[in-house]
Amino acid sequence: MSFRTRLGLLVAASVAVAVLAVSGVALWIARAEARSALDRKLDDRVAVLVASGGRMPERRGVQFFGRFVPRDVLVQIVASNGAVVYASDEVLPVAPADVAVANGRAHRHRSDVSADGVRLRVLTVPVAPVGALMVASPLDEVDANVTGLRNALAVVAAVGVAGAGLLGFLVAGRAIRPVRRLTDAARNVARTQDLDQPIELERDDELGELARSFNAMLEALALSRAQQHRLVTDAGHELRTPLTSIRTNIELLARAEQLATPVEDAGDAVGDAVVALDGDERRQMLDDVQFELDQLTELVNELVELATDQRSQGEPERVDLAELAASVVDRHRRRTETDFVTEFEPCEVVVSAALVERAIGNLVDNAVKWSPPGEPVEISVAAVDREAHVRVRDRGPGIPTALRETVFERFYRVPEARSQPGSGLGLSIVDYVARSHDGSASVIDTDGPGTTVEFRLPLAELD
């Protein structure tokens, strides 16, 4: 069953419930009002009979006027023992409650009785000294009015429910039209893989919000695809260089190995071995292969780190950024002989600890690589304007001002660094981690030689 049909049926069912409730209340009110009017009529007739001084209407259709009771009610007098001493027409059934009124044990009593198939409304009141006076009037008119009103309400309800169902079906069709457009767009995207197809839907309601969310999703997917394509293209370019170097060196080594094998001369018995490469050249080529393999391994590791989604590194948690930076510094102190000058202020942030620790590690790696021997690396963590700032400074040659934004691009390396080991992805990962946590990273001005990179993250909300 389609959503449109379900919505139409839901509207029809809602209207049906509302109509039934209103009809039931209306019937109950109408019946109560009709019975109340009949009770007032009986009260009036009793008042007339009491005022008549005991004169009762005679039988056989005699009509009285004025202060006597007209023949629109049945009148009956019951003695204290329950015997009927007077009846203007057919005898009414006498119930124990009526006898109780005749005996003075009850003040008055109203009831519905049936006599010869006719439903009657009866009022019984005490009358001295005889016993009790019973006045009755048929309920046929009340029942007929209630039945007519019920039939009319049934017709109105049926027409109303049918009309509401049809109207709901039509309204549902217009309401889900934007949803159909979204569905068609999603199918078209799935079929064509073309993400540049925004939904043009200018609305301020929930459907407009859904369309804007869908367009935002398409933009995010398009950006992700472009980033993936760029990553694959750049990675392919960067991978070719070490692979080509490794292949060339291995081919030269293999050819030299073949040339170094003794060969039989056509005129002589055995020729001398021809050595194509001496020992130093062979070692140099092997060192080159090892260097390129190390570069290739580092590049692959950096690519994996860059391509790993943040959620795979664990859910964000509340951590002290100073403690993360201190653990990174401790590891580097054990692995290097570089001196570290630290100044840590407790700063709590809500982040993926593994990613942030990796970013700080990249900054420290770069600083250690570029710091001259004997020069310290300075690391600080401080809170500034509701942000946690991590600064890492080296005493190296520095980065030109014109290249400070470019160094955060993937695989970019300043000209002075192209002869050094590295993949050109370290600062790109730092920038990615900062942005994924609503932070930022940049190269800031430094007094004196060297480079200072600042890594900024929003502080955690106060408890």
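This is a short talk on two sheets, three packed helices and one asparagine in a structure.

Good morning, colleagues. Please keep in mind throughout that the model is predicted.

I begin with the sheet formed by strands S1 to S5. Five strands make up this open sheet, in the order S2-S1-S5-S4-S3, and their pairing is antiparallel. Strand S2, residues 84–87, and strand S3, residues 109–115, stand at the edges; each has a single partner strand, so one side of each is left without a neighbour in the sheet. From one strand to the next, the twist averages 25 degrees.

Within this sheet, I would draw your attention to one pair of strands. Strand S1, residues 74–79, runs antiparallel to strand S5, residues 131–138, and six bridges join the two. If you wish to find the register on your screen, look for Gln-76, which stands opposite Met-134 in S5.

I turn next to the other sheet. This one is also open and has five strands, here in the order S7-S9-S10-S12-S11, but with mixed pairing. Its edge strands are S7, residues 340–344, and S11, residues 440–444, each of which pairs on one side only. The twist here averages 15 degrees from one strand to the next. Strands S9, residues 377–384, and S10, residues 387–393, run antiparallel and are joined by seven bridges. In this pair, Ile-379 stands opposite Val-392 in S10.

Which helices pack on this sheet? Helix H7 lies across S7, S9, S10 and strand S12, residues 452–458, and runs at about 170 degrees to S7. Helix H9, residues 426–436, also packs on the sheet; H9 touches S11 and S12, and its direction makes about 20 degrees with that of S12.

Helix H8 brings us to the packing of helix against helix. Helix H7, residues 321–335, packs with helix H8, residues 353–370, at an angle of about 45 degrees, their axes lying 9 Å apart. The two helices are therefore oblique to each other, and their crossing is right-handed. On the H7 side, the residues making the contact include Leu-321, Leu-324, Val-328 and Arg-331. On the H8 side, they include Val-356, Glu-357, Ile-360 and Asp-365. By class, the residues of this contact divide into nine nonpolar, three polar and four charged.

How do H8 and H9 pack? Their angle is about 145 degrees, and their axes are 9 Å apart. The crossing of H8 and H9 is left-handed. From H8, the contributors are Leu-355, Val-356, Arg-358, Ala-359, Asn-362, Leu-363 and Asn-366, and from H9 they are Gly-426, Leu-427, Ile-429, Val-430 and Val-433. The contact of H8 with H9 has eight nonpolar, three polar and one charged residues. Val-356 of H8 thus appears in the contact with H7 and in the contact with H9.

I close with a single residue, Asn-188, which has its place in helix H4, residues 177–192. What does its side chain meet? A polar contact of 2.5 Å joins the side chain of Asn-188 to that of Arg-191. Setting aside neighbours within four places in sequence, Asn-188 is in contact with Gln-193 and Gln-197.

Thank you for your attention.

Note on methods
Residues numbered from 1 in each chain as written. Predicted model: local features only at pLDDT ≥ 70, side-chain atom pairs only at ≥ 80, totals over all residues. Heavy atoms only, no water. Helix = DSSP H or I, 4+ residues; strand = E, 2+ residues; numbered from the N terminus. Polar contact = N/O pair within 3.5 Å; in protein donor to acceptor, adjacent residues only side chain to side chain. Contact = heavy atoms within 4.5 Å. Pairing = 2+ DSSP bridges. Axes fitted to C-alpha atoms, helices over the stretch in contact; angles between N-to-C directions. Parallel < 35°, antiparallel > 145°, perpendicular 65-115°, else oblique. Left-handed = near helix turned anticlockwise from the far one by under 90°. Nonpolar A, V, L, I, M, F, W, Y, C, P; charged D, E, K, R; others polar.
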